[in-house]
Amino acid sequence: MKTLFRICSIVLFFGLSFLLDCAYPAGEIPLYKDAGRTVDERVADLLSRMTLEEKILQLNQYILGENSNVNNIGEVSDTFIPGIGSYIYFNDNAVLRNSLQRRELEVSRLGIPLLFGFDVIHGFRTIFPIPLAQACSWNPELVGQACAVAAQEARMSGVEWVFSPMIDVARDGRWGRVAEGYGEDPYATSVFAVAAVGGYQGSDLSSPRSVAACLKHFVGYGLSQGGRDYEATDVSPQALWDTYLPPYEAGVCAGAATVMSAFNDINGTPATANHYLLTEVLKEKWDFGGFVVADWNAVEQLISQGVAADKKEAAYKAFAAGVDMDMKDFCYKDHLGALVAEGKIPVARIDEAVANILALKFRLGLFEQPYAVELPEDERILLPYNKELATKMAEESMVLLKNDNGLLPLCAKTVAVIGPMADNREHMLGSWTAHGRVEDVEGSIYDNLQKEFGKKMDFLYAAGCGFDGDDRSGFAEARAIAEQADVLVLCLGEKNAWSGENASRSTLALPAIQEALLQDMKKTGKPIVLVLSNGRPLELCRIEPLCDAIVEMWQPGIMGGKALAGILSGRINPSGKLSITFPLTTGQIPMYYNTRQSARPFQGKYQDIPTEPLYAFGHGLSYTTFEYGDLYLPKDTIRKNEKLRLEIQVTNAGNFDGKETVHWFVSDPTCSISRPVKELKFFEKQFIEAGTCRTFYFELIPERDLSFVNAQGERFLETGTYYVMVKDKKIKLELID
Ligand code: NOJ
């Protein structure tokens, strides 16, 4: 019976296509080709001319070019599928793309252009620090500008849709993808989501510098059990609403063009088959007007997740749940026709999904300008401004974790630069680097230190050991140069493939060989500066006590060496602060600042280790001293419909000019739903000249800043006592009706 239906539907499609073969009478310029009409009018007109088969093809995405993703490296695809909606475009210039677009437009009955997407996670060719590091800058404007650079390079290279930003709140550093997001806090992630969407999309998607953004991975992916990628997540409705959904709501409000459904199962229903989340929440409650794309093969994976028996059922479940475009696995292409013929999928749902996709093609201006201009490299990538911005972003995202006795900035005659990261450029790029190349990385740490200090300081170098393994044969050479130096700069860290997708680790500790190298160097008695390059928070409990200073440089991208050298020399005053907690040990996971209140806050600690993290969320030192005045609020009672302007003065009492970020937290000790011990509500970064002071303001709006959300996603505001906190300053506030 099923086969009969399938045959009937195929016959029906071909019949219809034949009947409608003439898209419009000769001489007629159809309405949808008139750029003067609204997008809605154009979509409706085009849709009315399409056959069901043409519509279904629009709902599919395939791959084009040579895959540079470590998962599928080298896989080449130039398969031409006439009428398909979109391709993931792996090449780094527009030539292949344009040739396929040309081929498509030659055969397309209605002249519907293809849409080309790609993973641009922290830059296209100008590689910026990983997003986790970018968040440590606490500079959303800079994050937006970095995304705008990535957009410009991508669009001018033939990509008009990026699968970014990743806005999964992540609190388990074992999960490799923690590198791709903005850290542990829902508010901060929301702010960076908005900045990224604005940077990518600009004010006009049809501009040759703009791309469509994609919020991913909707939702709860960051909670994969044990930090193992692709695993199921169990999340309470309460946590879903107060922690994991807010960044998506913010991104949708900011106008993100698309959303990607996640791989993970969420509370028994895979995210890609989750009608409640995709349709009831995203499309209905939030009125999301763009389209939802499934993650790579995620529709077919509904079979391995145990909710679909075959690809047809998988197609049905994903499409009925609200996924508009199927990435790569052709479940939609091969089965939606039959599902419509069987009456399981209404044509109205097909029309809705197609309309969402066509609308984006119109907004991107693809009907008017389907081809990307084929520019030479020096006009589209690695432009001086792009590199300048990458330097700035790296400078602001590095975090000075420790600086005992003012060891930094460096003041020495001879410095030994030791460790597997010391003269390495590859791993500075970090995971998922789009078209980033090692040769674009402007020098290793060692190269840049020599450049920065010139003749003022001597630098000696030895790797000492590899990133992992147990070969200690290089220790002796490292020891020998260490003996000759006044200060040791130990450069340790992770390879770029140790984080990102499918890169989970059971421990946050560096491999034993790296710790052993540092321990061995300590025997020289020389002061140690530890420089870390990694894609996740690290377990540093064994090596932190041996170091006098620690700089977290993260995976800083192509200009990272220069930025680090500037920090070590004191040319740049570090201003990064952690966007994610560094637990003391891996066993403390989960460990994040905004945990819910405990029944016995003074008990329940670990017997064998401290319960405090090594470095808390928001930690980050400067070469200067910032002194905080008292928190000032004009009155301590406020009505629900009032606003209150709080302020605090910060004085730069040291000798360095510097930037300081003030984090404003709120806590509600008694509420009908237990709330986190404190919640970030606002942050601001300002430049403060040495010897001057600046006022930081927070305009508190009760509806926005004191309210909470329940397990059904309904926001409520309760009268009573609240606290506002900045650092160790705390002030009480009464909310009345
Ligand atoms: C799988 C990843 O989870 C997702 O982030 C990415 O955008 C797609 N593959 C496409 O490459």
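Helix axes are lines fitted to C-alpha atoms, over the stretch in contact, and the angle between two axes runs from 0 to 180 degrees between N-to-C directions. The model shown in these views is predicted.

**View 1. Helices H8 and H9 cross at roughly 45°.** Helix H8 covers residues 237-244 and helix H9 covers residues 246-253. Their axes come within 5 Å. Angles under 35 degrees count as roughly parallel and 65 to 115 as roughly perpendicular, so H8 is oblique to H9.

**View 2. Residues of H8 and H9 that make the contact.** H8 contributes Leu240, Trp241, Asp242, Thr243 and Tyr244. From H9 come Pro246, Pro247 and Tyr248. Sorted by class, this contact has 6 nonpolar residues, 1 polar residue and 1 charged residue.

**View 3. The residues that surround the ligand.** Aromatic names in this shell include Phe163, Phe263, Trp296 and Trp432. Met260 and Met327 also belong to the surroundings of the ligand, as do Arg177, Lys216 and His217. Asp119, Asp295 and Glu501 complete the list. By class, the shell has 6 nonpolar, 1 polar and 5 charged residues.

**View 4. Polar side-chain atoms beside oxygen atoms of the ligand.** For Asp119, a polar side-chain atom lies 2.4 Å from an oxygen atom of the ligand. In Asp295, the corresponding distance from a polar side-chain atom to a ligand oxygen atom is 2.5 Å. For His217, a polar side-chain atom lies 2.6 Å from an oxygen atom of the ligand. On its own, the ligand has 290 Å² of accessible area, and the protein covers 98% of this area.

Note on methods. Residues are numbered from 1 along each chain as its sequence is written. This is a predicted model: local features need pLDDT of at least 70, side-chain atom pairs count only at pLDDT 80 or more; totals for chains, interfaces and linings use all residues. Side-chain values use heavy atoms; hydrogens and water are left out. A residue is near a molecule or strand if one of its heavy atoms lies within 4 Å of it. A polar contact is a pair of N or O atoms within 3.5 Å; within protein, one must be able to donate a hydrogen and the other to accept it, and residues adjacent in sequence count only if both atoms are side-chain atoms. Accessible areas come from the Shrake-Rupley method with a 1.4 Å probe; for residues, only the protein chains shown count as cover. Ala, Val, Leu, Ile, Met, Phe, Trp, Tyr, Cys and Pro count as nonpolar, Asp, Glu, Lys and Arg as charged, and the others, Gly among them, as polar. Helices (H or I, at least four residues) and strands (E, at least two) are DSSP runs, numbered from the N terminus. Angles under 35 degrees count as roughly parallel, over 145 as roughly antiparallel, 65 to 115 as roughly perpendicular and the rest as oblique. Contact means heavy atoms within 4.5 Å.
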